[in-house]
Amino acid sequence: MLIAKPIALLIATVSSTVLFILFSRPNHSPTPESMARSFVLWLHGLGDSGPANEPIKTLFTSPEFRNTIWSFPSAPSNPVTCNYGSVMPSWFDIHEIPITANSPKDESGLLKAVRNVHKMIDKEIAAGTNPKNVFVCGFSQGGALTLASVLLYPQTLGGAAVFSGWLPFNSSIIQQITPEAKRTPILWSHGIADKTVLLEAGQAGPPFLEQAGVSCEFKAYPGLGHSISNDELKHLESWIKPRLQSSS
């Protein structure tokens, strides 16, 4: 049975990383004193829960995050095909494990989950947060949902981070990506030793995004399996910081 592990407790020592960068952009970080409110939405993996992932935010110690609101929602309970129909927290159905670049996709369930994520984002923007200070992040199934959610959102967001995720939709989705959504940058991290979501599934992401005209940075971590490491999270912190917008 595939159960996502509590992310904050997993630490992997990585000797080196393989870095692939597509369409990088220079950014200049404002001073912490001028930071406006920002929002990080974290989407967990299959069988996990939002509260189990809340310790992640304690790693983001830079003063730029002093005005950051964090949200860790939990997926509804649904039967999951790859786990023999067992009911567990799941954003959408997964048909097989390991997940490859050609695994079957539950697009109807995915789009229902995307609409719920959009409601969360809409609520935060309505509360006064600049859309470019909104960051959506997710691990495994949550990473796949993160990708779909930002690509189908009608505005440009601050960024999206996909950890051990995959493309949960067919190429026809490109027609639905708005020019505004194409300007949302994406960070994609994947463990080379991942036996649950194979590296090939992660590596299929950057070419797809390049074809769609979306900026993506892809990092592959040697020795890392289907988990998220502190190294990945520290890189995420440094990736978000220069993208945060000031209050002025």
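1. The protein chain holds five helices and nine strands, and this is a predicted model, so the points below describe computed geometry only. Read along the sequence, the elements of the protein chain follow the pattern β-β-β-β-β-α-β-α-β-β-α-α-β-α. Buried residues make up 54% of the 248 residues in the protein chain. Among contacts between residues at least 6 apart in sequence, 77% join residues that are at least 24 apart.

2. One example of two residues far apart in sequence is given by Met35 and Ser247, which are separated by 212 residues along the chain, yet have C-alpha atoms 5.5 Å apart in space. Met35 lies in the loop between strand S1 (18-22) and strand S2, and Met35 counts as buried because its relative accessible area is 5%, which is under the 20% limit.

3. Helix H1 (107-126) can be checked for its length. At 1.5 Å a residue, the 20 residues of H1 should span 28 Å, and the C-alpha atoms at its ends are indeed 28 Å apart, so the two values agree. After H1 comes Gly128, which has a positive phi, near 115°.

4. Which residues of H1 are buried? They are Gly109, Leu110, Ala113, Val114, Val117, His118, Ile121, Glu124 and Ile125, a list that includes the charged residue type Glu as well as His118. The spacing can be read against a general rule: an α-helix has 3.6 residues a turn, so residues three or four places apart point the same way. What covers the buried residues of H1 includes strand S2 (38-43), strand S3 (68-71), strand S6 (134-139) and helix H2 (141-151).

5. The packing of H1 against H2 deserves its own point. Two packed helices are described by the angle between their axes and the distance between the axes. Here the axes of H1 and H2 come within 9 Å and cross at roughly 70°, and because angles of 65 to 115 degrees count as roughly perpendicular, H1 and H2 are therefore roughly perpendicular to each other. H1 passes H2 in a right-handed crossing. On the H1 side the residues that meet H2 are Leu110, Ala113, Val114, Val117 and His118, and on the H2 side they are Leu145, Ala148 and Ser149; the five named from H1 are also listed among its buried residues.

6. The structure holds seven aromatic pairs. One of them joins Phe92 and Trp166 in an edge-to-face arrangement, with 6.3 Å from centre to centre and 70° between the planes. Phe92 lies in the loop between strand S5 (86-89) and helix H1, whereas Trp166 lies in the loop between strand S7 (159-163) and strand S8 (186-191), so the pair ties together parts that are 74 residues apart in sequence. Both Phe92 and Trp166 are buried.

7. Trp188 and Phe218 form an aromatic pair that is tilted, with 6.5 Å from centre to centre and 45° between the planes. This pair links distant parts of the chain, since Trp188 belongs to strand S8 and Phe218 to strand S9 (residues 216-221), 30 residues apart. Are these two rings in buried or exposed residues? Trp188 counts as buried because its relative accessibility is 0%, and Phe218 is buried as well, with a relative accessible area of 3%.

8. Finally, ring pairs link Phe60, Phe65, Trp70 and Phe72 into a cluster.

Methods:
Residues numbered from 1 in each chain as written. Predicted model: local features only at pLDDT ≥ 70, side-chain atom pairs only at ≥ 80, totals over all residues. Heavy atoms only, no water. Phe/Tyr/Trp six-rings, centres within 6.5 Å; stacked < 30°, edge-to-face > 60°. Helix = DSSP H or I, 4+ residues; strand = E, 2+ residues; numbered from the N terminus. Buried < 20%, exposed > 50% of the residue type's maximum accessible area, 1.4 Å probe, protein only. Expected span 1.5 Å × (residues − 1). Contact = heavy atoms within 4.5 Å. Axes fitted to C-alpha atoms, helices over the stretch in contact; angles between N-to-C directions. Parallel < 35°, antiparallel > 145°, perpendicular 65-115°, else oblique. Left-handed = near helix turned anticlockwise from the far one by under 90°.
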